[in-house]
Every structure is written in structure tokens, then in C-alpha cells.
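Me: I keep reading words like "buried" and "salt bridge" and never know what earns them. Can we go through some examples together?

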Amino acid sequence: MNDTATPAPAPAPPSPSSELRAALSEAGLRAGVADTEAGNLVRITPLDPVDAQQLARLIRTGTKRALKAARTLREICAGYRIDLPGLRVRQGRITLGPIQVDDAARLARLLNAVPPATAHPGADTAPDANTVRAMLIQAFPQATGGGALSVSVREHTPDLLDLGSIDARTARRLIRTLQF
């Protein structure tokens, strides 16, 4: 008897097309799902109108909270003149996307960010991208009760920051902070 038994290999995860096929079937929708010839895309055969409407309802229901939070966040930021052109829901999370440094600085101030000490106190210069990045990273978790946000400076366009994604719960806490 061999004491060094090798573990059985883990089963391969289901393919994206088989996952989609199973989900559509569980929802009672009749649609053919297949991998494309290229192998990196999934094709859904045409749906009858009733199944298409049901699929649309299921998608809206499943993403309702995130879509509502994204819409509210967009409206609040617009009210503060903060432009988030890349704000969208992706894979159940709200991606905030690119933001101008000035808009990001305005957001950081709304979140009660404390600017780092400068060599020239009282200087009335706009903060640079790295300073604003640090301010957002520091202020965001405090303003949202622990939610984290990835913030990066674009390498070839230093007047833009990229804000990462947050879940709907963190977005709702951010909304509450910005409302009051």
C-alpha cells in the first residue's frame, strides 16, 4: 500500500457556454448556446420575443440594486460638477472609471480628505494627480465605512486618474456620504 497518495485532479470548471446554457434552461428560456469557431466568444441563437423579454427582466432584476446605485451616484456627482464618464455596472459591480484630477480632488474634498502637508503652506495651487490619489485612498474607506477603492494615475495622461469598481453596498454608503 502506498502512503503517498496523490490527490485526484480537480474537475475542470464548466465552460462559459455551458454555464450560460444551464442558467437559461433553469430560467425556462429556450435558447441555443454554443462556442464560436474562434473559441473565445459564446453565441446565443436568436430568442423568440417572449423569451427575450423574460431574459431582459431577469437581467434587470439581478442588477437592479447596482443599476439604481450607479444612476443615483451619477446624478449626485453631476450635481457637484464631478464628471464620471466611465461610470457603469460591470459584472455586478459599479466601475467608476476615468476622472479628471480636478474632479477627483473635488470628490476627495467632499469625502473630507485631508491634503498632505505641503512645503508651501497657503499655496493656492491645484494638487497633482499623485496627491489626489493619496487623498482619495485615505478618505474613501473612512467615508464609506470601510469600502476600498483602487485609484491609479494614468501613465501617459497624468491629468487623469482611474477609479476602480465598488460593490452596490459600498456605493450606497458613498451616496449617503455625498448626500449629507
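Reply: Sure, and keep in mind that this is a predicted model. Let's start with Asp162, which forms a salt bridge with Arg154.

Me: What makes Asp162 and Arg154 a salt bridge?

Reply: The cut-off is a side-chain nitrogen of Lys or Arg within 4 Å of a carboxyl oxygen of Asp or Glu. For Asp162 and Arg154, the closest N and O atoms are 3.0 Å apart, so the pair passes the test. As for the general idea, side chains of opposite charge can pair when their charged atoms come close.

Me: How do you know whether Asp162 is buried, exposed or partly exposed?

Reply: Buried means under 20% relative accessible area, exposed means over 50%, and partly exposed is in between. Asp162 has 24% relative accessibility, so partly exposed is the word. Its partner Arg154 comes out at 29%, so that one is partly exposed too.

Me: Which residues are joined into one network by salt bridges that share partners?

Reply: Arg30, Asp48 and Asp51. Take the pair Arg30 and Asp48: the closest N and O atoms are 3.0 Å apart, and with a limit of 4 Å that counts as a salt bridge.

Me: Why can you say that Arg30 and Asp48 tie parts of the chain together?

Reply: Look at where they sit. Arg30 is in the loop between helix H1 and strand E1, while Asp48 is in the loop between strand E2 and helix H2, so the pair links parts that are 18 residues apart in sequence. Arg30 has a relative accessible area of 57%, which is over 50%, so it is called exposed. Asp48 has 28%, so it falls in between and is partly exposed.

Me: How many salt bridges does the structure hold?

Reply: It holds 4. One of them is between Asp103 and Arg106, at 2.7 Å from N to O.

Me: What is the spacing of Asp103 and Arg106 in helix H4?

Reply: They are 3 residues apart, about one turn of the helix. An α-helix has 3.6 residues a turn, so residues three or four places apart point the same way.

Me: Why is Asp103 called buried?

Reply: Its relative accessibility is 10%, and the limit is under 20%, so it counts as buried. Arg106 has 22%, so it is partly exposed. Asp103 is one of the buried residues of H4, which also include Val101 and Leu107. Those buried residues pack against strand E4, helix H5, strand E6 and helix H6. Asp103 also touches Arg81, Ile82 and Asp83, leaving aside residues up to four places away in sequence.

Me: What makes the phi of Arg81 worth pointing out?

Reply: Most residues other than glycine have a negative phi. Arg81 is not a glycine, yet its phi is positive, about 60 degrees. You'll find Arg81 in the loop between H3 and strand E3, and at 63% relative accessibility it is over the 50% limit, so it is exposed. Gln91 also has a positive phi, near 55 degrees. Gln91 is in the loop between E3 and E4, and its 80% makes it exposed as well.

Me: What makes Arg71 fit into a positive surface patch?

Reply: Lys and Arg count as positive, and patch members need over 30% relative accessible area and no salt bridge. Arg71 has 46%, so it clears the area limit. Arg71 is in helix H3, and the patch is formed by Lys64, Lys68, Arg71 and Arg74.

Note on methods: Residues are numbered from 1 along each chain as its sequence is written. This is a predicted model: local features need pLDDT of at least 70, side-chain atom pairs count only at pLDDT 80 or more; totals for chains, interfaces and linings use all residues. Side-chain values use heavy atoms; hydrogens and water are left out. Patches are made of residues with over 30% relative accessible area and no salt bridge: like charges are joined within 9 Å, nonpolar side chains (Val, Leu, Ile, Met, Phe, Trp, Tyr) within 5 Å. Accessible areas come from the Shrake-Rupley method with a 1.4 Å probe; for residues, only the protein chains shown count as cover. The place of a charge is taken as NZ of Lys, CZ of Arg, CG of Asp or CD of Glu. Helices (H or I, at least four residues) and strands (E, at least two) are DSSP runs, numbered from the N terminus. Buried means under 20% relative accessible area, exposed over 50%, partly exposed in between (1.4 Å probe, protein chains only). Contact means heavy atoms within 4.5 Å.
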